[in-house]
Each structure stands twice: as C-alpha cells, then as structure tokens.
Amino acid sequence: EMLAAAGTAKVELPLHMVINGKPQLTLSTPTGQLSGNAYVGEATTVALTVQNSGSAPARNLTFSSGNPSHWKVAFHPDRIEALAPQQTASVSADVTPSNRSLAGDYMVTFNARDGNDSTSADYRVTVLTPTLWGGIGIAIAAAAILVVGFAIMRFGRR
C-alpha cells in the first residue's frame with residue numbers, strides 16, 4: 001500500500017524483434033539426373049537449377065567447378081544478384097573435356113556459393129570419342145574387305 005500511495009512510474013520501452021533467416025541452397029539438374037555425355041574437345045551444355053529453400057534471400061551467388069585437369073567449364077550466368085526464399089533459378093554450364101581426355105567416366109563438381117551458404121553437385125561425365133573416327137574405322141575395314149574380295153576374284157584360288 002505504501003508503494004501505491006507513493007505512486008509507481010510506468011515505463012514503456014520500445015521492443016524491437018529481429019528475425020534472422022538464412023538462405024539454404026541446393027544445386028541439381030531440372031530432372032535430378034547428375035550424369036551426361038560429352039565429346040573430347042567439344043562443349044556440352046549442362047542445365048542446372050539452384051534453389052533457395054531457406055527463409056532469407058541468397059545474395060551475390062557465384063558459381064565455380066572442380067573438374068579434371070585441362071577441362072573448361074563456363075557458367076551462364078556466372079553470377080546471380082539475389083535469389084528469394086523458395087525460389088529457383090536456371091543456370092547452364094558449358095563443359096569442355098580436354099583434347100587429351102581418354103574415353104571414360106569423369107567427375108565434375110559444380111558449386112554455388114553466396115556469402116553464407118554453399119552447395120555442390122557431383123556430375124558424372126562420360127567422355128566419348130568423336131564418331132568421325134568410328135566412321136573412318138568402318139571405311140578402312142570395308143576397303144580391306146573389298147581389296148581381299150577383289151584379289152580373290154582376280155587371281156582366284158591357285
């Protein structure tokens with residue numbers, strides 16, 4: 001009662017609440033298939049999607065790759081200013097295997113990074129030899145068969 005009689009001062013303080021969200025990136029292909037074919041020395045375009053499933057925008061997204069020696073990978077676009085929460089953006093990567101690459105499977109890692117978060121996707125590239133060499137091989141075999149056939153017809157069996 002003494003306090004009530006003396007009076008109490010009511011103090012109002014402003015309350016500020018800051019909710020911090022964060023981006024959460026995932027990188028894949030539109031179909032989810034993380035493999036494809038490429039030819040030695042020829043650029044093959046790989047369609048990629050980067051998604052922000054977080055609660056804050058991803059800003060200044062950049063793309064990079066980890067790839068076998070002497071391979072070239074170029075991203076289009078190579079930078080995205082902002083990707084809003086729950087949004088997806090399309091990116092393409094031109095993958096060019098080295099002229100020294102042998103036929104077989106290789107791994108290329110695609111990376112997407114903003115200031116706080118990063119993600120990657122491993123993509124298997126099956127390198128094929130150009131079909132020109134297959135055609136040349138068939139032509140050489142056909143020519144050899146024709147030469148042998150002609151020799152048998154011309155000279156017969158003796």
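## A walk from the ring cluster outwards

Let's start with the aromatics: Phe63, Phe75, Phe110 and Tyr123 are linked by ring pairs into a cluster. Bear in mind as you look around that this is a predicted model. In total, the structure contains four aromatic pairs. One of them brings together Trp71 and Tyr106, whose ring centres sit 5.1 Å apart with 50 degrees between the planes, so the pair counts as tilted rather than stacked or edge-to-face. Trp71 comes from the loop between strand 4 (58-66) and strand 5 (72-76), while Tyr106 belongs to strand 8 (residues 104-113), so the pair ties together parts that are 35 residues apart in sequence. The two partners also differ in how much surface they show: Trp71 is buried at 7% relative accessibility, whereas Tyr106 is partly exposed, at 22%.

It helps to step back and look at the chain as a whole. There are two helices and nine strands, and reading along the sequence gives α-β-β-β-β-β-β-β-β-β-α. The chain has 158 residues, and 28% of them are buried. Take the contacts with a separation of 6 or more, and 66% of them join residues 24 or more positions apart.

Now for the inside. The largest nonpolar core has 25 residues, and the members touching the most others are Leu48, Val50, Phe63 and Phe110. Strand 1 (25-28), strand 3, strand 4, strand 6 (79-83), strand 7 (87-96), strand 8 and strand 9 each put at least two residues into this core. Two of those names, Phe63 and Phe110, should ring a bell from the aromatic cluster. Leu48 is a good place to see how things come together: setting aside neighbours within four places in sequence, Leu48 is in contact with Leu27, Ser28, Thr29, Pro30, Phe75, Ala89, Ser90, Val91, Ala93 and Phe110. That list includes Phe75 and Phe110, which are both part of the ring cluster.

Not everything buried is nonpolar, though. Asn52, in strand 3 (residues 44-52), has 0% relative accessibility and counts as buried. What does its side chain reach? For Asn52, the partner is the backbone oxygen of Leu83, at 3.0 Å. Beyond its neighbours within four places in sequence, Asn52 has contacts that include Pro23, Leu25, Ala58 and Leu83, along with Pro85 and Gln87.

Asp114 is another polar residue to look at, in the loop between strand 8 and strand 9 (118-128). Asp114 is buried but has no salt bridge; Arg113, the nearest side chain of opposite charge, is 6.8 Å away. A salt bridge needs the nitrogen and the carboxyl oxygen to be within 4 Å, so Arg113 is too far off to make one with Asp114. The Asp114 side chain does reach the backbone nitrogen of Asp117, at 2.5 Å. Leaving out residues up to four places away in sequence, Asp114 touches Pro23, Leu25, Ala58, Arg59, Asn60 and Leu61. Pro23, Leu25 and Ala58 were also among the contacts of Asn52.

So where is a salt bridge found? The whole structure has one, and it joins Arg79 to Glu81, with the closest N and O atoms 2.4 Å apart. Arg79 is partly exposed, with a relative accessible area of 41%, and Glu81 is exposed, at 53%. Compare that with Asp114, which is buried and has no salt bridge.

Technical notes:
Residues numbered from 1 in each chain as written. Predicted model: local features only at pLDDT ≥ 70, side-chain atom pairs only at ≥ 80, totals over all residues. Heavy atoms only, no water. Phe/Tyr/Trp six-rings, centres within 6.5 Å; stacked < 30°, edge-to-face > 60°. Helix = DSSP H or I, 4+ residues; strand = E, 2+ residues; numbered from the N terminus. Buried < 20%, exposed > 50% of the residue type's maximum accessible area, 1.4 Å probe, protein only. Lys, Arg positive; Asp, Glu negative; His and termini not counted. Polar contact = N/O pair within 3.5 Å; in protein donor to acceptor, adjacent residues only side chain to side chain. Contact = heavy atoms within 4.5 Å. Core = buried A, V, L, I, M, F, W, Y, C linked by side-chain atoms within 4.5 Å.
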